[in-house]
Amino acid sequence: MRETSNLISKQNSQQPKQFRGGEKKVMKKSLSLLVAIAMVFSMFAAVASAAEETKLTTEQKYEELVKAGLFEGYDDGEAHLDRDMTRAQASKIVALLTGYSEGVEVKDAGYTDLVGAGWATDYINYATQVGILEGKGNNKFDPSAKVTVQQLATIAVKLAKHADVTVPAGEEVEGKVDAWAAEAVASAIAAGLLAKQDDYTVNANRGLLVEVVFSAKEILAQAGALAIAKVEQTDAREITVSFNKEVSAEAKAEIKEISVKKGAVSYTVTSKWAEDNKSVVLSSNFLPAGEYEVTLTGFDAKKVVIADAIATKIDITRSSLQVKVADQDLAVKVLNQFGKEMKNVNLNITAFNATRHGALGVSNGKVNLSNEAHGHIGDTVLVTASNNAGLVTTKTYTLVAGSAATVIKIGEVTPLKDKTHITSGDKGIVLPVQLVDQYGNDIKFKNTNGKQTLAANVSNFTIDEILFTVNTLGVIAAYNVDKDGVLTLDIAANKSGTVIISVINPATTANASVTFTVEAPAKVKSLEFVTPGSVIVAGEDTVFQLNAVDQFGKQIASKDIALSETTGDGKVQLNVFPNPTYSYINAKGELVVKFAGEGTANISAFVDGLQVGSVLGLQVQKAAKDVKINGIKDVQTTILDGQSVAFGAKNITKIDDYNRVKDLGSSAFTVTPEDTNVVTYSGGKLVSEAAGSTVVTVKLDGVDDSEYKFTVTVVNEDDIAGYSIKKIGTIYAGTDAATNHTVDVELVGKLSGGTEVAIDPTSYLMATSTNTDIIDVVGGKAIVGVKAGTSVIKVFAANGKLLAEQEVTASEAKPVVTKVSFDKSSADLKLTGTNTAELTVSVKDQYGKTITDLNGKVVSSNEEVVSVGTLGTDGKVTITGEKVGTANVQYIAGNGTTATVAVAVNP
């Protein structure tokens, strides 16, 4: 595979061609694509130019694409670049390159053969939606089918055209290619996207896909406007701002100010641009942990979370030790969580000659092997480096190799799929050990035919005469080698900490070791309360944003913070003084506190009896009072004579004594028209009586000087200068269309000045259709589709005058679920109060009509925390909080369309 990959890289090493395109060429449809591509490829900071790129192997390019989120390996942790690529895998790359992100609503393409490819459903639908991929007919996509080289070339050219980049036609293809693909293959070769080869009809492997996607960056990444791709912490007291492309000297000159703020506090930073001008590093002498806002002139502010630097890795970087040489520098380095070396770190470094059972002198990181008493050729020397925080690493040296025939390598030990840490109780952690014989051939471990359990007092085990030694007793509960020779480990449920595994072949002394961390369940170590920017008022909900860090220095999502009323369970116990009406963490991860009365309040947080955060001296103001009406909203103040408009509390806003504008809510009010000959107020409506204008006064009951006045105008039909029909869109035409797919025809009038006047269809409208075989009229004011086609809908006045018309399309495509939603985005339950809530599901088809025949299902991601009842025919379902925690409640439609509600259950 390596030879093939290198050959591809060499063949495709030419500079990508220059194409027409760029900022003026980019249209709206491709803007998100260009920004997405630019953001993705801005991550390749190590690649300074196209010339440098040619030095990268396919494997190295693959690693860069993995970092960008475009590729991922198989479950065994390997890239398998020699394997053929499937249509499902290709759809993911296409979707991500054309702007798809999690949560984007994707129209179902109607494929019926995606069973077993559920992970790729959204990618396939999206890639179809943007026109890059298509089905194979009869509603089939064939996700497992292999992609040929000529098909890959076609995809690459379509991607470029989708971004409004013109690719050259290219020369006649010399290799074997089907006629339909010859033009695309020629263009891909001319564009530098594809290397020439003898046969383009063969299957494309994943390595070729890597080469094509990586080569596309020079063509596509320079398109679009300059934008900030990401802002991230890259070292202690260091923030890096990365851009989607190189920042020109002119653009840099326009960035006149760079600010870094935490709340209202500004921090002084120095800036240093990277040599490629694609990023700028902001450094400060002091950046305490927390959330910051970074602003550069001409760009929107970006948020970044800063964590304190902690030592996460110790490296002993010296490659070998020699006999009879004094003061050999072990080159020990301490790295923080950002991969940067930490200076002036106290370390304990020891060296031990395991062969002669004697300690060796180490001073200032240098080991002394000056004479034969310290060691002979073939001796094994074990070097250990550790810090006071318990971080430990070891490295084994052979003073002279007993045999160079065998090599042992161990790759990085990584968490299970979809997890960020290795934790106690994890099963199936891959230990990537590679054995190589004296001829360079890989040697596989033999299948153990099932898990081999280790006793709690055992710290080593042997596989095929290779000895594995673990630094901590009982941390490895079992091991297993599968039929492919992959070695996996089960971590004991009650063990955590730093694990060092050393592997040695006693026969040759070939050895290697690896260090990884097993973490206990995360719990809050530091909790920051972000006080609201507005006044805190008694009797109202006060919302605090929370920033939490666990004992490993990692950020904890605020929605995952668990509250408890007791201590010692690892959860957060809140102490609010004076006692509030209530306090809880809502489904959005915000702390909600309702203070009962005015005064000074304090909030403290404890975990296992230790304080982890507090906010003190909160000034709670007295309960708010209504002061006056602020204004009106969402109400038509121009009325056609003889008609009325609704006007009530939802149309009114008020101001309280803290000068806050709020919805009227339950506050009592009075509406008084000045001239009741023009307008009266009755039954929650402004009712027209005669043409003219009058002032209407809204007043808060019992509040002096709270009036707000506005003018209502009543017009005659003769005052209306023109009419239009509200946009109808495509309607459904089928035998059952009349059941749920009739569409009201709504008429809107306009005065000469452009003011809209609502028209009541029940008293004014008569509609007709120019082709009733296509679209029929129901009751003179609604329409229904009969069969596919178009018809012109006309609206006449009672006297026969034509007022407006609109062409409407009818479609026979069967209604399918395209949009699902809940009436709530989140729900909060309390076990000590109301532990149930009612949710309502809304399901709509592609015509915007509600589907009442629900055939979906409501499920909970954690039934132990939140259970769900039976979904009613009215779309309502009851959820119940069972224990403290969080869960997602999801409605799954029959075609897989989903909607989700986040639910938090509090004590």
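## Overall organisation

Among contacts in the chain between residues at least 6 apart in sequence, 60% join residues at least 24 apart. The model is a predicted one. Its chain contains 12 helices and 65 strands. Of the 907 residues in the chain, buried residues account for 42%.

## Aromatic pairs

A search of the whole structure returns 16 aromatic pairs. One of them is formed by F243 and F299, with an edge-to-face arrangement: the centres are 5.7 Å apart, and the angle between the planes is 65°. Since an angle over 60 degrees counts as edge-to-face, the value of 65° places the pair in that class. F243 belongs to strand β2 (residues 238-243), whereas F299 sits in the loop between β7 (290-296) and β8 (302-306), so the pair ties together parts that are 56 residues apart in sequence. F243 is buried, its relative accessible area being 0%. F299 also counts as buried, at 18% relative accessibility, because the limit for this class is under 20%.

A further aromatic pair consists of Y732 and Y847, and this one is tilted, with 5.6 Å from centre to centre and 40° between the planes. The pair links distant parts of the chain, 115 residues apart: Y732 is in strand β49 (residues 731-732), and Y847 is in the loop between β60 (836-845) and β61 (857-860). With a relative accessibility of 1%, Y732 counts as buried. Y847 is buried as well, with a relative accessible area of 15%.

## Aromatic cluster and a charge over a ring

Four residues, Y100, W119, Y123 and Y126, form one aromatic cluster. Elsewhere in the model, an arginine is placed against an aromatic ring: R87 lies over the face of F141, at 4.2 Å from the ring centre.

## The second largest pocket

The second largest pocket holds about 860 Å³ of space. Its lining comprises 29 residues, of which V106, D122, G896, T897 and T898 are the closest to the pocket centre. Three elements give two or more residues to this lining, namely α6 (121-129), β58 (817-822) and β65 (898-906).

By residue class, the lining of the second largest pocket divides into 14 polar, 10 nonpolar and 5 charged residues.

## Surroundings of S259 and L563

S259 is located in strand β3 (residues 258-262). The residue is buried, with a relative accessible area of 17%. When neighbours within four places in sequence are left aside, S259 is in contact with E293, V294 and T295. These three contact residues fall within the range of strand β7 (290-296).

L563 occupies the loop between β32 (555-556) and β33, and at 9% relative accessibility L563 counts as buried. The C-alpha atoms of L563 and Q573 are separated by 5.8 Å, although the two residues are 10 residues apart along the chain. Not counting residues up to four places away in sequence, L563 touches K571, V572, L574, Y584, I585, V884, N906 and P907. Two of these, K571 and V572, are accompanied in the list by residues from much later in the numbering, including V884, N906 and P907.

## Backbone features

A cis peptide bond joins F577 and P578, with omega at about -5°. P578 is placed in the loop between β33 (572-577) and β34 (582-585), and the range given for β33 ends at residue 577. F577, the partner of P578 in the cis bond, is therefore the final residue of that strand.

Two residues have a positive phi although neither is a glycine: R237, at about 55°, and H357, at about 55°. R237 is found in the loop between β1 (228-235) and β2, and H357 in the loop between β12 (348-353) and β13 (358-360). R237 is partly exposed, with a relative accessible area of 41%, while H357 is exposed, at 64%. The class of H357 follows because exposed means over 50%.

How values were computed. Residues numbered from 1 in each chain as written. Predicted model: local features only at pLDDT ≥ 70, side-chain atom pairs only at ≥ 80, totals over all residues. Heavy atoms only, no water. Phe/Tyr/Trp six-rings, centres within 6.5 Å; stacked < 30°, edge-to-face > 60°. Helix = DSSP H or I, 4+ residues; strand = E, 2+ residues; numbered from the N terminus. Buried < 20%, exposed > 50% of the residue type's maximum accessible area, 1.4 Å probe, protein only. Lys NZ or Arg CZ within 6 Å of the ring centre and 35° of its normal. Contact = heavy atoms within 4.5 Å. 1 Å grid on protein atoms, 1.4 Å probe; cavity = no way out; pocket = protein on both sides within 12 Å on 5 of 7 lines; lining within 4 Å. Points joined across faces, edges and corners; volume = space filled by probe spheres on them. Nonpolar A, V, L, I, M, F, W, Y, C, P; charged D, E, K, R; others polar.
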